[in-house]
Each structure stands twice: as structure tokens, then as C-alpha cells.
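Work through the following exercises on salt bridges with the coordinates open beside you. Each task is followed by a solution that goes step by step.

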Amino acid sequence: DDKKPQEEEKKEEVAEEKKEEVEEEKKKEEVEEEKKKEEVVVEKKVEEEVEKKEEKQGSSSEEPKTEAKPETEAVEKKVDVTVVELVEKIATSAEEDGAKTVEAIQESIVSVTVTNGDGEQPAADVELPPSTPEEVEIWGIPLLADERSDVILLKFLRARDFKVKEAFTMIKQTVIWRKEFGIEGLLQEDLGTDWEDLGTDWDKVVFTDGYDKEGHPVCYNVFGEFENKDLYQKTFSDEEKRNKFIRWRIQFLEKSVRKLNFAPSAISTFVQVNDLKNSPGLGKRELRQATNQALQLLQDNYPEFVAKQIFINVPWWYLAFSRMISAFLTPRTKSKFFFAGPSKSADTLFKYIAPEQVPVQYGGLSREGDQEFTTADPATEVTIKPATKHAVEFPIPEKSTLVWEVRVVGWDVSYGAEFVPSAEDGYTVIVQKNRKIAPADETVINNTFKIGEPGKVVLTIDNQTSKKKKLLYRSKTIPISE
């Protein structure tokens, strides 16, 4: 009779895994379908632009020619060569992405005519002085004569669905905004010490920690920190304070972006983890205003920098809301969003980020300070079923010191450790007496045991709860010199 519930549980787990696989495949198919649709739309738009230009050329050839008006004023206009070359680079980048050809894009760009003060064309014999390209940089990378700029230009193209004119306008507006906002000067400001040490508090709100399994840097946004009323007032109580926070947030993002590798084959996007635990919510007017302002700036000036948006500790009402609005999102956008309630948050993070890279407060093993292990030391993941025991063995073939760390997410299990010698007449040594560990007792347990003979260290985890538990562990041996 005891076997039946276990068999049913196995069936449910298998069914749940199959369901997740089917959903993943469905997402991939939707994204591929959307890409195909984008290509068709781009081709149609190119054809329309070509036809319009041909019509304009035909109608202009029928108009009577007028004599050029004598020069009344000196025409002193600098042609922005950077603009022309940027368009050519955008076109080349788009071609590499399989969306447009250089010729097609050139046809879709409306030519610009330089006029004098009366709005008429200057005389034919007036020569414009030679101009030099203006050096334009974004995120420390020149947009001309640098292969890394191809990656930047493609970000703007993707943000505007490969509509070249709109992408070009977006780039120009971004360059203007960066000058007006004073990005280069902002990078030199020490916002932590200048602003009542608020920077130190804000470092708990937004921070980067580790990488996901694909190599993307991971950025955490912890909205629950604003539950602190004092911090909330210092950050959002008036427009001046909100603007200070926005400047700090932009500085943080700008520094993070500049650490990325913009080489064509490198990774130039982030994974965002948004922790909604104890979040004040968007019902707070000041927080809502600052959030909307920051989002607008990021969308307009930092396009296509997010590989995944993972929301954890999501309240039930937010999950329901996200399901409702997902129907209005494109498959490509939906494929970047992932939501998990409090009970599924750690498992969701481990799906995309290795446990040794996940901060300890989110169920992982990464923590500050000097530790025996680093993020370079991989951990093993094991799921312990309800009402079962699990044993972990560390074989020790020679004299050495064994170091290990172990964690069960949420604990509420019993844990013990012992050394079993290989010799038949040897005695078992209790390393860690079996004890019940509550969720609030410890996060990660570290143990060291000096071994003078061959044998093995056995860890025992007894899960007598009705829930599955996630076990994480890793170890290393340090030889003992004779």
C-alpha cells in the first residue's frame, strides 16, 4: 500500500517534467515563427520603399527645371559624415543578420538635400567645405572603425524590429541623451559617499553576483529592501531624491555594460533576477513614478541587454496578472520572462544558474568573505523525496583532510555524518551527531575531518516532511604530508 502513493508521485513528477519540456519546445517554435514573420515584413517594407522612390523619381523628372538662384548668402553647412557611415554600418550589420541587403537599405533611406536660408537648393557651383566624421562613442566603443560596434548597432535594429530609419533615429537620440545626462561625468562621481551613504544602502537593492549556465552576468533587483521606511523616504520622498536614485541606477548599469565583451561571438547581455519578496508594490505612488522613469530610460537608451527576466518570490496576484498580460506579448518577449512563487524560487534559479553561483539568501552557496570553496568549485544537486533518507559518500583512499559543505534548501531535516574505515576490524567514528536542523538555524554547514586511514565519510539526510527537498553539497581533499 505504501508503494502506491510513491508510484503515483513518480508518475506526477514524470508528467510535470514532460509538461515543462513541451512548454520549452513550444516557446522555441513560437520564437522561430516570429523570426520568419519579421523577415517577411522587412522584405515587404523594402519593396514598398523602393516603389515609392521610383514613383518620386518619375514624377520629379516631369517637372520643369528652374534656374538656380544666384548665391545671396554663403552656405556654411557641415554634412555629418558620421550619419552616412552609421547608416552603412547598420545596413551591413542587418545583412549579416539575414534581414536586409545593403542595396535595399540604401533605397529605403530618404536622401537629405542641403538648402540655403530660403529653403532653396544652393547654386551648383558652390562647393561645400570638406568635413570630417564626428567621433561618436556609446559605452566606450567608437561607432566607426571598430568591429564591436556591429553588435551595438544590431541591438538598436532588433529593438526597432529591423526598421532601419527608426533604429537610426533611436541611435541619434541615445547619443544626444548621453551628452545631456552627462554619462561620462557620471561615471566619475562617487555617489555612495556624496549622498549620505545612500549608495551603500542601494547596493543591497541592485547588485551583480555570478553568471548563469550560459555565461551571462546575473543582476539582482531586490525590491523588498524598500520595505525599510527610512530608506524609502530618503530615496523617493521628493523629485530631487528620486532623480538622485535614477542617476545612481544609470551609473550602476553603465559600469556593468562597460564590463561586457562586445565582440561578435561574445556574450553582451545580462540575466535579470527580480526579487518581489516584501516588495512595497506599485501601489506606492513615489516608487511607481521612479520605476516608470527608470524603465523608460533603460528601454530608450539601453536596448536588447536582457537575455532573461526571472521573477522570484512572486505573490499569487502577480502570477495571475502576468498570465493575463502574457497573451498580449510577442513570443520572443514571452520567451525571456519566467515567474516563480516562493516555494519554487530556488528550483527556478537552479534551472538557469548553477547553485554555487546563486547567492546564499536565494538558496545557493555563493557568499561573501573568505570561504573554503569559491564559485569555481561546482556543487552537486540532489532532490530528496518526502519521507526518505539520502546518503552521500566521500571515498578517502589515503591519509588526508576532507573538507565539505552541505545545504538543504529550507532544511527542516535531520543531518549527520560519520567516518567508516575500509578495514573490517576498524571502528566507525561519529563526525557530526545526527540532529534536526530548522530553516532558521543555519544556511550552509561546513565540516572538516582529518583522516589517518582509508575509508569513507558518509553524510545522512533524513527528510521526514511531506515535501521534496533540494540538497546541495561539494567536497575536496587536502593531502597530509608525511
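**Exercise 1: a pair within one helix**

Arg258 is partly exposed, its relative accessibility being 31%, where buried means under 20% relative accessible area, exposed over 50%, and partly exposed in between (1.4 Å probe, protein chains only). The model is predicted, so that local features need pLDDT of at least 70 and side-chain atom pairs count only at pLDDT 80 or more, while totals for chains, interfaces and linings use all residues. Residues are numbered from 1 along each chain as its sequence is written, and side-chain values use heavy atoms, with hydrogens and water left out.

Task: determine which residue forms a salt bridge with Arg258, and where both lie.

Solution. Apply the criterion, a side-chain nitrogen of Lys or Arg within 4 Å of a carboxyl oxygen of Asp or Glu: Glu254 qualifies, with the closest N and O atoms 3.2 Å apart. Next, locate the two residues: both belong to helix α10 (residues 239-258), 4 residues apart, about one turn of the helix, helices being DSSP runs of H or I with at least four residues and strands runs of E with at least two, numbered from the N terminus. Glu254 is buried, at 1% relative accessibility. Finally, extend the search: Arg178, Glu184, Glu254 and Arg258 are linked in a network of salt bridges.

**Exercise 2: a pair distant in sequence**

Task: find what parts the salt bridge of Lys308 and Glu214 ties together.

Solution. The N to O distance is 3.7 Å. Lys308 lies in strand β6 (residues 306-312) and Glu214 in the loop between β3 (206-211) and β4 (217-222), so the pair ties together parts 94 residues apart in sequence. Lys308 is buried at 11%, whereas Glu214 is exposed at 52%.
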